[in-house]
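Here is a short briefing on how parts of one protein chain pack together. Look at the model first, then read the points below.

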Amino acid sequence: MLSQMRVEGTGRRLPFAAAAVAGAAVGHTLLYLVAVPDTQARTAVLAATGHGYWSVAVAAAIVLGLLSLATVAGRHLLTGLGRARSPADPDLGALAGRLALLQSGIFVVQEVLERLAAGAPLSGLVEQRGMLLNGVLVQVLVAFGVAAVLHLLGRAAEAVGRALRRPGTCRARRVPVHWPALPARASRRPGATAAIRAPPLPAC
């Protein structure tokens, strides 16, 4: 039982973590697109702040995002088909809040490590166009978008599973018949019998 609970908990945490990493990468990219709209200037800023690996990070984020979507859709589809228990997912607001906290933490840690690796001053996070504050705000907005996508995808997959579920067949089963404790009395009406009880119909 405990091992099954650990497996189920891990199965819920992995898609959440993958979605948070993908969302953090999306927010990170959007931040620099908005903060530095010029392509050449943005390339120079990314190179100076330790973002030389960013194309690889975006590719990994895409893979993790697709993995998270596929896992959520598959789990809810099995629930709709009746082959798995309903996942105890948090509601939309709680999911968005958890994603916002995790994505913001990932963004801050990334920026600090990138600048330390590149030898860039950490003061630039605050002084350079409010990069840190704006980055956190973007992560919160992206987190709400990611949570909405996961929530709607789960509901849609579960609805598809219910639509595809085959109706259960009615199996005949024996139903005990309880005879009356008192003997049946003859009815005064001709051709009728009093206290007649029929056995209940089998329930499907």
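In α6, the buried residues (under 20% relative accessible area, with a 1.4 Å probe and protein chains only) are M131, G135, Q139, V142, A143, V146, A147, L150, G154, A157, E158 and G161. This is a predicted model, in which local features need pLDDT of at least 70, side-chain atom pairs count only at pLDDT 80 or more, and totals for chains, interfaces and linings use all residues. Residues are numbered from 1 along each chain as its sequence is written, and side-chain values use heavy atoms, with hydrogens and water left out.

**Helix α6**
- Helix α6 (a DSSP run of H or I, at least four residues, numbered from the N terminus) covers residues 131–164 and has 34 residues.
- From first C-alpha to last, α6 reaches 49 Å, close to the 50 Å expected at 1.5 Å a residue, where the expected span is 1.5 Å times one less than the number of residues.

**Nonpolar cores**
- The largest nonpolar core (buried Ala, Val, Leu, Ile, Met, Phe, Trp, Tyr and Cys residues joined through side-chain atoms within 4.5 Å) has 13 residues.
- Two or more residues of this core come from each of α1, α4 (92–118) and α6.
- The most is given by α6, with 5 residues.
- Another core, apart from this one, has 7 residues, among them Y32, V36, V45 and M131.

**Residue H28**
- H28 lies in helix α1 (residues 2–35).
- H28 counts as buried because its relative accessibility is 1%.
- The side chains of H28 and H51 make a polar contact at 3.1 Å; such a contact is a pair of N or O atoms within 3.5 Å, and within protein one must be able to donate a hydrogen and the other to accept it, while residues adjacent in sequence count only if both atoms are side-chain atoms.

Methods: Buried < 20%, exposed > 50% of the residue type's maximum accessible area, 1.4 Å probe, protein only.
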